[in-house]
Amino acid sequence: GSCYQIVCGVTLGGRELDALDDQIIENALAAIEYAFEPASRRDLLKAVAVLNVRCKRRVTSAEDTKLAVNVMISDLSELPGDVALWVLDEWSRQSPWWPTRAELLQLAERKLQQRAFIKSRFQVVQMMRASQSNSQVAA
């Protein structure tokens, strides 16, 4: 686990988000942004290779297999890297069959929603503080 536990999207380590200092909020947002970075093509290729060994696919030509792998890597490169790699590993542990694009994206959706929610909560606090700061300067 991480050093901080996000609880209900409104507390961090048991403290209300708006009670945290600005530097902690900025650092948290930077870490969350970093967490949205895609995986490298090399890492995705390795994970898809493992999926290919663990999961059965219908027999196709080498060209079809190469195309399927390239399309999957392209689709997964749109996801945060850790989520894309987790999805491939999780799928191969849950199912003996090669996944469709929709199945992988559905598996990723919950993790993506959680991450987006956490990011939005920090952004709200940051915007409220900026608004309060601007109000105080104008007064």
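A pocket is an open set of grid points with protein on both sides within 12 Å along at least five of seven lines, and its lining residues have an atom within 4 Å of a point. One of the views below shows such a lining. The model is predicted.

**Figure 1. The whole chain contains 5 helices and 3 strands.** Along the sequence, the pattern reads β-β-β-α-α-α-α-α. The protein has 139 residues, and 29% of them count as buried. Take the contacts in the protein with a separation of 6 or more: residues 24 or more positions apart account for 75% of these.

**Figure 2. A close-up of helix α1 covers residues 22–35.** This helix has 14 residues. From the first C-alpha to the last, α1 reaches 20 Å, close to the 20 Å expected at 1.5 Å a residue. Which residues of α1 are buried? They are I25, A28, L29 and I32. These residues sit on the same side of α1, because they cover an arc of only 100° around the axis.

**Figure 3. A close-up of helix α2 covers residues 41–54.** The 14 residues of α2 should span 20 Å at 1.5 Å a residue. The end C-alpha atoms are 20 Å apart, so the span agrees. L44, A47, V48 and L51 are the buried residues of α2. They cover an arc of only 100° around the axis, and therefore lie on the same side of α2. What do these buried residues pack against? Their partners are α3 (62–76) and α4 (81–94). Now turn to the other side of α2: R42 and V53 are exposed there.

**Figure 4. The second largest pocket has a volume of about 150 Å³.** Its lining is made up of A68, V71, M72, D75, L76, W98, P99, T100, R101, L104 and L105. Two helices, α3 and α5 (101–138), each supply at least two residues of this lining. Which helix gives the most to the lining? That helix is α3, with 5 residues. By type, the lining residues of the second largest pocket divide into 8 nonpolar, 1 polar and 2 charged.

**Figure 5. A close-up of T100 shows a residue in the loop between α4 and α5.** T100 is also one of the residues that line the second largest pocket. Is T100 buried, partly exposed or exposed? Its relative accessible area is 41%, so T100 is partly exposed. T100 and M72 are 28 residues apart along the chain. Their C-alpha atoms are separated by 9.0 Å. M72 belongs to the lining of the second largest pocket too.

**Figure 6. A close-up of R115 shows a residue in helix α5.** Buried means under 20% relative accessible area. R115 has 16% relative accessibility, so this residue counts as buried. What does R115 touch, leaving aside residues up to four places away in sequence? The list is A35, F36, P80, D82 and V83.

**Figure 7. A close-up of E109 shows another residue in helix α5.** Partly exposed lies between the buried limit of 20% and the exposed limit of 50%. E109 has 37% relative accessibility, and therefore counts as partly exposed. E109 and L79 are 30 residues apart in sequence. In space, E109 and L79 are 9.9 Å apart, C-alpha to C-alpha.

Conventions: Residues are numbered from 1 along each chain as its sequence is written. This is a predicted model: local features need pLDDT of at least 70, side-chain atom pairs count only at pLDDT 80 or more; totals for chains, interfaces and linings use all residues. Side-chain values use heavy atoms; hydrogens and water are left out. Helices (H or I, at least four residues) and strands (E, at least two) are DSSP runs, numbered from the N terminus. The expected span of a helix is 1.5 Å times one less than its number of residues. Buried means under 20% relative accessible area, exposed over 50%, partly exposed in between (1.4 Å probe, protein chains only). The arc is that of the directions from the helix axis to the C-beta atoms. Contact means heavy atoms within 4.5 Å. On a 1 Å grid over the protein atoms alone, a cavity is a set of points where a 1.4 Å probe fits but cannot get out, and a pocket is an open set with protein on both sides within 12 Å along at least five of seven lines; lining residues have an atom within 4 Å of a point. Grid points are joined across faces, edges and corners, and a volume is the space filled by probe spheres set on the points. Ala, Val, Leu, Ile, Met, Phe, Trp, Tyr, Cys and Pro count as nonpolar, Asp, Glu, Lys and Arg as charged, and the others, Gly among them, as polar.
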